[in-house]
Amino acid sequence: MSEARIQDIGEKDYVAGIPKDAKVLEVQNADLALALSTGPQLSPYSRKSLQLFAILLVSFMGSLSNGFDGSVMSAVNGMEQYLKYFGITGVDSGGGVGTKTAIIFGIYSIGSIVGVLIAGPVADRFGRRGGMALGSLIIIVGAVVITVAKNTDYILGGRFVLGFGVAITTTAAPAYVVEMSPPQWRGRLTGLYNTFYYSGSILCTGITIATGRMSGTVSFRAPLAIQIAPAGILLIFVYFIPESPRWLMSVGRNDEARHILAKYHGDGDENAPLVQLEWKEYEEAIKLDASDKRWWDYSELFNTPNARYRTFMMLLMGFFGQWSGNGLGYFLTILFQNAGVTSQDRRLALNFANTVISAGGAVIGTALTDKVGRRTMWFWGTLSCSGILAIVTGCTAKFGDSGANVTGANTAIAFIFIFGFVYSLAYTPLQALYPAECLEYNTRAKGMALYAFAVSCASFVNTYAGPIALGRITWKYYIVWLVWDLVEAVVIYFCAVETKGRTLEELDEIFESPSPVKASIQKHRIAVVQQAGKTTIVDEGTA
């Protein structure tokens, strides 16, 4: 940290001596610490902050839409009415299994893979709001098709369209949230975006308990139709919210960008130290002729060591976020059947309970992201998932047959719940936050599209292989994931960087370092000194 940099953002003195009564802090970045300590303090209860939360709530509908689909198909796949109507095998297994179910689930991922081809260019060309609007419109079309489905062809077509739309929405929406959020709240707000996945899940799985008791097709059509609601809200309200200031600056609309930045990051003050710091970094980082202006150019994701490490981190979260055992969640009713639950009504109720418990984990994880840190949560969460899956596997293997041992079977079910809680605590807040943080502005939209591609590929493996494996080897399929989680934990420990405590642009210091992991966990000791009515900052070096 240089003296010139401090004076640029706060016009404060950088002094060599430290009074004994000075407040000493350990921070990731001294520039940001100075800006936050000397500028107006943002209150989460102020009018402008509440406006910001309402704005971000609109973008959260993108995550809500995704949550609807992931959970509604899991629940509907466990309904005898659905299986018999479409002629799908699996009534005796607690839910659809086999090749037909694999294709129905997997086609959604195929749609997402195709969707990412335009997701990045759309968000770059038409803005984050434009991407959210187009994606939500496509989601509505897909939801209508599967709701009125007469045969599996309708379902396949509708789910392909749904996946296509979700790919666009989940590229634009998290980029919007991370770019609109003040740096000191970024972890919690972006984590909350992904936590809204469970709002859709809870609503869907709750409804399926009631509709699952009906004998007609409304039993599965009603929950399928509700997917239209969040996408409709997003489509209606997206043009009532401001555009990302980073995108506005990238297209030369600087006055609008600065006004939005000042309003929501500086409490309306364009001269606030945090606003000045962020604006200076915008000017240094955002290029008017970068690859985001060329729809076909993805080279900046790979053309330097800095870019390649950023892309590596993004892809790591994309694949690990889907391959940590959570793919089993698509087929929870089958897992409950394997654990000895023979009643459809009870399986649907347990599916709902698991969703509520997982949502609790996601909320707690969101609250911890800016305190514990991304890397720490990711490592310990993944390691814990492996241990929990080992217990689920052992209990299901020994006690899973119906009537064999009620206590043992209930233990397996309890640890399925615990797995959902721990996975959601560690991964749900990070899945939207971490890749968006790791990517620099000029590559963020296309990088998030590539992230969606990675997620879709990983999900395709889950959704295609899952029902086939569960149909053939039942609980033994769990072993694959508990072993893989151990591999993930090792990779995370040695490769994952910490991103909390810095502005998005300041993360460049980490990725430019010869040792990004070491640079990311290194802290600065600073002293905040009050002298003669002004604030001074002393950087004591690394802690």
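Trainee: Which residue's backbone oxygen lies 2.8 Å from a polar atom of the side chain of His265?
Mentor: Keep in mind that this is a predicted model. Start at His265, which sits in helix H13 (residues 254–265). Its neighbours away in sequence include Glu179, Met180 and Ser181. The backbone oxygen at 2.8 Å from a polar atom of the His265 side chain belongs to Met180.

Trainee: Is His265 buried or exposed?
Mentor: Buried means under 20% relative accessible area. The relative accessible area of His265 is 3%, so His265 counts as buried.

Trainee: Okay, on to the largest nonpolar core. Which helix gives it the largest share?
Mentor: That core has 66 residues, and Leu56, Tyr82 and Met132 touch the most other members. Tyr82, for one, touches Met73, Ile104 and Phe220, among others. The largest share of the core is 12 residues, and they come from helix H3 (residues 47–76).

Trainee: How many residues are in the other core, the one with Trp481?
Mentor: This one lies apart from the largest core. Ile416, Ala496 and Val497 are among its members, along with Trp481. Its count of residues is 52.

Trainee: Over which residues is the pLDDT below 50?
Mentor: For the whole chain, the mean pLDDT is 82, and 83% of the residues reach 70 or more. One stretch with pLDDT below 50 still has 38 contacts in the model beyond near neighbours in sequence. Where pLDDT is low, though, the predicted coordinates shouldn't be read in detail. The stretch you're after is residues 1–16.

How values were computed: Residues numbered from 1 in each chain as written. Predicted model: local features only at pLDDT ≥ 70, side-chain atom pairs only at ≥ 80, totals over all residues. Heavy atoms only, no water. Core = buried A, V, L, I, M, F, W, Y, C linked by side-chain atoms within 4.5 Å. Buried < 20%, exposed > 50% of the residue type's maximum accessible area, 1.4 Å probe, protein only. Helix = DSSP H or I, 4+ residues; strand = E, 2+ residues; numbered from the N terminus. Contact = heavy atoms within 4.5 Å. pLDDT = per-residue confidence, 0-100. Polar contact = N/O pair within 3.5 Å; in protein donor to acceptor, adjacent residues only side chain to side chain. Lists of a residue's contacts leave out its neighbours within four places in sequence.
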